[in-house]
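Student: I've just pulled this one up and would like to go through it piece by piece. Please start with whatever vocabulary I'll need.

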Amino acid sequence: STSALAYDSPPLASPHLTQQPKMLASKSIMRRAAAPSARPRAAVSVSSRRAVVMQARRNEVSESYAKALVELANEKGKLEPVHADVDAIASLLSSNVALNELLMNPVVEDAKKRAVLLKIGQEAGFNQYTNNFLNLLVQKDRLPLLEEICLEFEDLYCNLTDTMVATLRSAVKLEQEQQFLIAKKLQELTGSKNIKLKPVIDASLIAGFVVEYGSSQIDLSVRGQLEKVSDELSRNMALQLA
């Protein structure tokens, strides 16, 4: 503060000036002491804004890569096999912590990451477009976005194919025929061209299962009476729409 510095050496000829400068100096010191407390708040605010901007950019990049893969696969008539590959990759990333850490580690050489992805692709029988796409991500240093790209791909795929994704939580693993019946009824009720069920085992349900789709949830009882699924789904849907 200029005023505080000016009064640090007050004129001795006028004793009346010696008190006022001290008051001004103390006020200046108070202002100085208060200033640092305001800075962290501003820094936090700037940091938050930067985080939001960075996340938005990540989302844009992830969407652009996912869109490019969807369009290429669709153009080449390989959308379904590539979609199956992306599903498998997403499942691996969520279940295999060691693999996730290796692929996301910037210290690990690109050659090693390519070798690991190639081995996974060969064992899983990935489509060539999927393998090429993974190599591109390594080359462009975009592997840290792989999980987000898989999510974006799923959204784009569902929009393109008119597919509704439903989570099927059950106490025990349901047979394929049982899942087919549930998917078929959901297809009739929602009017969606395709239904994709994501089975999840939830032992807390004891002997029942829950179908979750969009913002809706339907609780049903299995108890060996899957023939009642159609009536129960229709009744619950009517109650929700009433």
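Tutor: When I say two residues touch or are in contact, I mean heavy atoms within 4.5 Å. This is a predicted model: local features need pLDDT of at least 70, side-chain atom pairs count only at pLDDT 80 or more, and totals for chains, interfaces and linings use all residues. Residues are numbered from 1 along each chain as its sequence is written, and side-chain values use heavy atoms, with hydrogens and water left out.

Student: In what order do the elements of the chain run from the N terminus on?

Tutor: The chain has 9 helices and 4 strands, taken as DSSP runs numbered from the N terminus (H or I of at least four residues for helices, E of at least two for strands). Read along the chain, the order is α-α-α-α-α-α-α-β-α-β-β-β-α.

Student: What percentage of the residues of the chain count as buried?

Tutor: Buried is under 20% relative accessible area, exposed is over 50%, and partly exposed is in between (1.4 Å probe, protein chains only). For the 242 residues of the chain, the buried share is 30%.

Student: And how much of the area that the chain exposes do carbon and sulfur atoms supply?

Tutor: Areas here come from the Shrake-Rupley method with a 1.4 Å probe, and for residues only the protein chains shown count as cover. The chain exposes about 15,600 Å². The part supplied by carbon and sulfur atoms is 55%.

Student: What share of the contacts with a separation of 6 or more is between residues 24 or more positions apart?

Tutor: Take the contacts in the chain with a separation of 6 or more, then pick out those whose partners sit 24 or more positions apart. That share is 68%.

Student: Are α3 and α4 roughly parallel or roughly perpendicular to each other?

Tutor: Helix α3 (residues 79-95) and helix α4 (residues 97-104) pack with their axes 5 Å apart, at an angle of about 100°. Axes are lines fitted to C-alpha atoms, for helices over the stretch in contact, and angles run from 0 to 180 degrees between N-to-C directions. Under 35 degrees counts as roughly parallel, over 145 as roughly antiparallel, 65 to 115 as roughly perpendicular and the rest as oblique. The verdict for α3 and α4 is therefore roughly perpendicular.

Student: Which residues of α4 make the contact with α3?

Tutor: From α3 come Leu92, Leu93 and Ser95. By class, the whole contact has 6 nonpolar, 2 polar and no charged residues, where Ala, Val, Leu, Ile, Met, Phe, Trp, Tyr, Cys and Pro are nonpolar, Asp, Glu, Lys and Arg are charged, and the others, Gly among them, are polar. The α4 side is made by Val97, Leu99, Asn100, Leu103 and Met104.

Student: Where do the buried residues of α4 fall, seen down its axis?

Tutor: The residues in question are Leu99, Asn100 and Leu103. An α-helix has 3.6 residues a turn, so residues three or four places apart point the same way. Going by directions from the helix axis to the C-beta atoms, the buried residues of α4 line one face of the helix because they fall within an arc of 100°.

Student: Which exposed residues does the face of α4 turned away from its buried side carry?

Tutor: On the buried side, cover for α4 includes α3, α5 (110-124) and α7 (146-161). The face turned away carries Val97, Ala98 and Glu101.

Student: Which residues is Cys150 in contact with, leaving aside neighbours within four places in sequence?

Tutor: Cys150 sits in helix α7 and is buried, at 7% relative accessible area. Its C-alpha is 9.6 Å from that of Tyr65, 85 residues apart along the chain. With those neighbours set aside, the contacts of Cys150 are Val86, Ile89 and Ala90.

Student: How far apart are the C-alpha atoms of Ile201 and Val172?

Tutor: Ile201 is in strand β2 (residues 194-201). Ile201 touches Ser170, Ala171, Val172 and Lys173, not counting residues up to four places away in sequence. Between Ile201 and Val172, 29 residues apart along the chain, the C-alpha separation is 6.0 Å.

Student: What is the phi of Asp141?

Tutor: Asp141 lies in the loop between α6 (128-139) and α7, and counts as exposed at 59% relative accessibility. Asp141 is not a glycine, yet its phi is positive, at about 60°.
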